[in-house]
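Reader: I'd like to learn how to read strands and sheets in a model like this one. Could you walk me through it?

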Amino acid sequence: MNHVISPLMQSSRTWLAREAPDLPADLLLAIDALYQAVEGGHVCIRVDVEHADAWLATGWVGRPGAYCPFILEASILETSGRFYLARYHSHEEGVAAALKSRASQLLTPRDPALLQSDLDALFTGDPEDRQRLAALVAQFKPLTLVSGGPGTGKTTTVVKMLALLQAQASDAPLRILLAAPTGKAAQRLSESIRNAKQALDIPDDVKACIPEAAQTLHRLLGAQGDTGRYRHDAGNPLACDVLLVDEASMIDLALMQAVLAALPDEARLILLGDRDQLASVEAGSVFGDLCASEGMSDALSQALAPYDVAVTAGAISSPLADCRVELTRSYRFAADSGIGALARAARAGDATGFLATLDSSPGLSRCSTARLREQMQQGYAAYRDAAKAGDTAAAFAAFLNFRVLCAHRHGPAGVEGLNALMEPAGTVWYAGRPVIVRANDYALRLFNGDIGLCLPTAEGLRIFFEAAPGQYRALSPGRLPAHESAWAMTVHQSQGSEFDEVLLVLPEVVTPVLDRPLIYTAVTRAKSRFALCGAAPVLEAALATLPQRESGLVEKLGF
């Protein structure tokens, strides 16, 4: 166990010492371990229930349903149980109940003949077409989970999916909402939906009913500052018929509970994501847990049979199995693509194949620590030229061409150390300085993760933020909330973004943060070129580590 005492753990200790000084020593140790686990992304911890009666007798620990700060979930016959903070146990039960309710429903299309005709017009006649299957599942299930790697056509699939749903809604336009966990992911979703709509040969009236404007989940729900409360909830649900959420792997347990609570009972929920990517920063790995289901029920198999899709009915591990479709064919990367091969090797944990591909494929390379600063300067050269010229559009476009990613915030191979390689000595603000916002400022409409570029203007240096595609707003440096330079960012921060070229910098030694999803996520941020700065043993250790977050969600969903 890591014995570093975090502010949260210290706060807990102070609170318990004041309010419950006589708690058993083993319970206090379990509470310390629980807070540490939650900070590491776990929802709960496993504990020995030998002393459960003593814990329950304190009044601070209760069984599920009790009004206590901590919950112990274990049957009489079990020797171990799950130990939760009460709020996370409540979130987990709420998420499981809401998803199981949606997953258990089987809907009936309004016009099966029209559905068959539209399917044939939008998709190939290949029964093995997984995109066709995903769009079809959404017609029969109020919950649809679409998982797939980069370039597997998730956005194209959902635009066709929405077109089919709209056609089945007759003349009444569906109220469709688009959202993503972060501002960058929402912007990319908007752009992808817009491009996919333009490429589709569908009636203009149907096309007009598919929105293009996506927003963050926090804005959609009406986040009330940093209180954790939202304007939309079960008592004031969202006004929508369909909610589509992209980058669902980034949604933590508490946010998923808020989304489900605010969703009307009759609305459809479509979740898109890549289950192999990094899980959320906060506690939970909800999308990954949901995608653990396999199989298809006889009822859904029979319902889909007339529509020319290859399905195999059989034992299902959960009701959610009927809602899940995995897209496996990549339309972005050819079979011999270096990035595609790297992604497959990372997903499989194949370090030997990963390094062999890195050394033999065009567009892929290794970077030595001695050449790191030089490679960063080369990668950002076009951006710095555009920034110094004050060309806002060109600067934003060039900044997306290249990005340095890393695993940590601190240390020579972390955000701070890598930023220092690009910063001019003795100057805080300079033309070309990219910044990332680190705290929400609702008055300025700036949110954690927003990227701004410092550019010269007639009035002096200003920080420009993209307000809409091709539209920018400028703020003086002194008005910014907490921020830092963004020459480098963590892989976690990069989720929801894509860049032409990525340089991944690993620390010199193996750390707990390094794991297979981190490497996979970093690789899949690159569209054409990727470079690695890091020792082979560190990469091998990372790819050999497949993290498992502790939670009871899978069990509650019936897997």
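Author: Here is a short tour of one strand and then one sheet. This is a predicted model, where local features need pLDDT of at least 70, side-chain atom pairs count only at pLDDT 80 or more, and totals for chains, interfaces and linings use all residues. Residues are numbered from 1 along each chain as its sequence is written, and side-chain values use heavy atoms, leaving out hydrogens and water.

Reader: Which residues of strand β8 are buried on each side?

Author: In a regular strand the side chains alternate between the two faces of the sheet. Strands here are DSSP runs (E, at least two residues), and helices are runs of H or I, at least four, numbered from the N terminus. In β8 (residues 242-245), Val242 and Leu244 are buried on one side, Leu243 and Val245 on the other. Buried means under 20% relative accessible area (1.4 Å probe, protein chains only).

Reader: Which strand does β8 join through four bridges, with Ile176 opposite Val242?

Author: Two strands pair if DSSP finds at least two bridges between them. Strand β6 (residues 176-180) runs parallel to β8, joined by four bridges, and Ile176 stands opposite Val242. β8 also pairs in the parallel sense with β9 (residues 268-273) over four bridges; there, Leu243 has Leu269 as its bridge partner.

Reader: What is the order of the five-stranded open sheet?

Author: The order is β11-β20-β19-β12-β18, with parallel pairing. β11 (364-366) and β18 (488-490) are at the edges, each with a single partner strand, so one side of each lacks a neighbour in the sheet.

Conventions
Buried < 20%, exposed > 50% of the residue type's maximum accessible area, 1.4 Å probe, protein only.
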